[in-house]
Amino acid sequence: MHKAHKIRLAPTNKQATGLAKASGTARFAYNWALAQWNEQYEARKLDPSLPAPTQYALRRELNSIKRTQFPWMLESTKCAPQEAIIALGVAFTNFFAGHAKHPTFKKKNVSTESFRLSSGQFRIEGKRLRVPNIGWVRMRETVRFENATQVSVTISKQAGQWYASVNCEITHPITPTIPASTVGVDLGVREYVVSDGTRHQVPRALRNAQHGLKRAQQSLARTVKGSTNRAKARHKVAVLHHRVANTRTDWMHQLTTGLANSHDRIVIEDLNVRGMLTNHHLALSIADASFGEFRRQLEYKTTDRSTTLIVADRWFPSSKTCSACGAKTTRTLALQVRSWTCETCETVHDRDVNAAINLALYAGSSPVSACGELFASTGTGPDGLVWVSGLDEAGTRQHQAI
């Protein structure tokens, strides 16, 4: 099992310059290798006897010419250009497999700069990271994975700050003891409501930052392209966006980790987020609530803890079904209707709490066990039955009718 821990770095000015040089070297090597790959590919079309371009051949070619043609590369670690060409090879593998688009050239002065160091090219001791040709760089915290093999580290710059993402291989993961309980979570643009009545307010980081972003983007639009003031204005915009992303990410991780550590079965809805974003009145709030990221984090966190995530069918009427008697209301519940009364048992329901409770009850109709043996997603089959499907412990796709 591989896990990554992203840690903020605190380099000196001299070290930051060295990190920037290594990032530039990696970008140059990537672009050089891509140009060579395209040239060799076109030449092979005309002469099939020529060898096909590979990242191994390009790495050897760069090593043979860099001392004479690119001597400035020797100022940075040799791992930066080599890993960049390896990444290009992976990109072409994904392209030929139909999983990605054709690789493109990397631009200079973008918001993110990065380079990668493989095992043996770096060392971490406590809150220090040793980078070749740069030295020991201070880190803001220690790596959280103890007794794990550190496979690689990716150093990147985002909004003026340097980060190190340490990739670790964990051979014997420790699975925490999770209480046997089921919980449903109803997702909303203002709050996430849990079936036990707990309400988690969405930080709405992007919505709250709109005024500052507007002013910063207006200032950026008024600057001259290529000027120093434009670079400063672009940096201000990047810092605001980075702050928004960090606020949302921190809230999301705390919420999903708390749910994954407290319940062994979590039920959410299969929302059509792409379709919801076509509503231009709510698109910003929906994107700010991060429904897809919430599901993605729950998927891997429940898998790590050997618990179960159940994704209810997209057409499951969680809001219109009475959680007390099970009757479905015939009323049309518009978004502004936050509470309603059941016509059968006359129970007054809070719309969001009722939906979360119905999602928790939905787990009772699913064949998924509480041991996490099946990661479930559901849907209605051509025979009219509701099917639940997922991966068992052996990684085999299974289907069962409810």
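This passage walks through the overall make-up of a predicted model, its helix packing, its salt bridges and a few individual residues.

The protein chain in this predicted model holds ten helices and 17 strands. Measured out along the principal axes, the C-alpha trace covers about 85 × 50 × 50 Å. The chain has 402 residues, and 39% of them count as buried. Contacts also reach across the sequence: among those in the protein chain with a separation of 6 or more, 63% are between residues 24 or more positions apart.

Helix packing offers a good place to begin looking, and helix H3, which runs over residues 79-96, takes part in both of the pairs described here. Its partner in one pair is helix H2, made of residues 55-69. The axes of H2 and H3 lie 9 Å apart and make an angle of about 155°. Because angles over 145 degrees count as roughly antiparallel, H2 is roughly antiparallel to H3. The crossing of H2 past H3 is right-handed. On the H2 side, the residues that meet H3 are Gln-55, Leu-58, Arg-59, Leu-62 and Asn-63. On the H3 side, they are Pro-81, Gln-82, Ile-85, Ile-86 and Gly-89. Sorted by class, the residues of this contact comprise five nonpolar, four polar and one charged.

The other pair brings H3 together with helix H1, which covers residues 13-46. Here the axes are 8 Å apart and the angle is about 45°, so H1 and H3 are oblique to each other. As H1 passes H3, the crossing is right-handed. From H1, the contact includes Ala-22, Ala-26, Ala-29 and Ala-33, along with Trp-32 and Trp-37. From H3, the residues include Ala-80, Ala-84, Leu-88, Phe-92 and Phe-96. The contact of H1 with H3 is made up of 17 nonpolar and three polar residues, with no charged ones.

Charged side chains can be followed next. Side chains of opposite charge can pair when their charged atoms come close. The count for this model comes to 14 salt bridges. One of them involves helix H3 again: Glu-83 and Arg-116 meet through their side chains, with an N to O distance of 2.5 Å. Since Glu-83 lies in helix H3 and Arg-116 in strand S2 (residues 112-118), this pair ties together parts that are 33 residues apart in sequence. Glu-83 counts as buried, because its relative accessibility is 11%. Arg-116, by contrast, is partly exposed, with a relative accessible area of 32%.

Another salt bridge joins Arg-199 and Asp-350, whose closest N and O atoms are 2.9 Å apart. This pair links distant parts of the chain, as Arg-199 sits in strand S10 (residues 199-201) and Asp-350 in strand S14 (residues 348-350), 151 residues apart. Arg-199 is partly exposed at 34% relative accessibility, and Asp-350 is partly exposed at 31%.

A further pair is found in loops. Asp-270 and Arg-314 form a salt bridge through their side chains, at 3.7 Å from N to O. Asp-270 lies in the loop between strand S11 (265-269) and helix H7 (273-276), while Arg-314 lies in the loop between strand S12 (308-312) and strand S13 (339-341), so parts 44 residues apart in sequence are tied together. Arg-314 counts as partly exposed, at 37% relative accessibility. Asp-270 and Arg-314 also belong to a network of salt bridges that links them with Arg-295 and Glu-299.

Finally, three single residues are worth finding in the structure. Leu-117 has its place in strand S2 and is buried, with a relative accessible area of 0%. Leaving aside residues up to four places away in sequence, Leu-117 touches Thr-77, Cys-79, Phe-122, Val-131, Pro-132, Ser-152, Val-153 and Ile-155. For Leu-117 and Val-131, which are 14 residues apart along the chain, the C-alpha atoms are separated by 8.3 Å.

Asn-133 and Asn-147 are found in loops. Asn-133, in the loop between strand S4 (128-131) and strand S5 (135-139), is not a glycine but has a positive phi of about 70°. Asn-133 is exposed, with a relative accessible area of 54%. Asn-147, in the loop between S5 and strand S6 (149-158), has a positive phi near 55° and is likewise a residue other than glycine. With a relative accessible area of 82%, Asn-147 is exposed.

Methods: Residues are numbered from 1 along each chain as its sequence is written. This is a predicted model: local features need pLDDT of at least 70, side-chain atom pairs count only at pLDDT 80 or more; totals for chains, interfaces and linings use all residues. Side-chain values use heavy atoms; hydrogens and water are left out. Axes are lines fitted to C-alpha atoms, for helices over the stretch in contact, and angles run from 0 to 180 degrees between N-to-C directions. Helices (H or I, at least four residues) and strands (E, at least two) are DSSP runs, numbered from the N terminus. Angles under 35 degrees count as roughly parallel, over 145 as roughly antiparallel, 65 to 115 as roughly perpendicular and the rest as oblique. A crossing is left-handed if the near helix is turned anticlockwise from the far one by less than a right angle, and right-handed if clockwise. Contact means heavy atoms within 4.5 Å. Ala, Val, Leu, Ile, Met, Phe, Trp, Tyr, Cys and Pro count as nonpolar, Asp, Glu, Lys and Arg as charged, and the others, Gly among them, as polar. A salt bridge is a side-chain nitrogen of Lys or Arg within 4 Å of a carboxyl oxygen of Asp or Glu. Buried means under 20% relative accessible area, exposed over 50%, partly exposed in between (1.4 Å probe, protein chains only).
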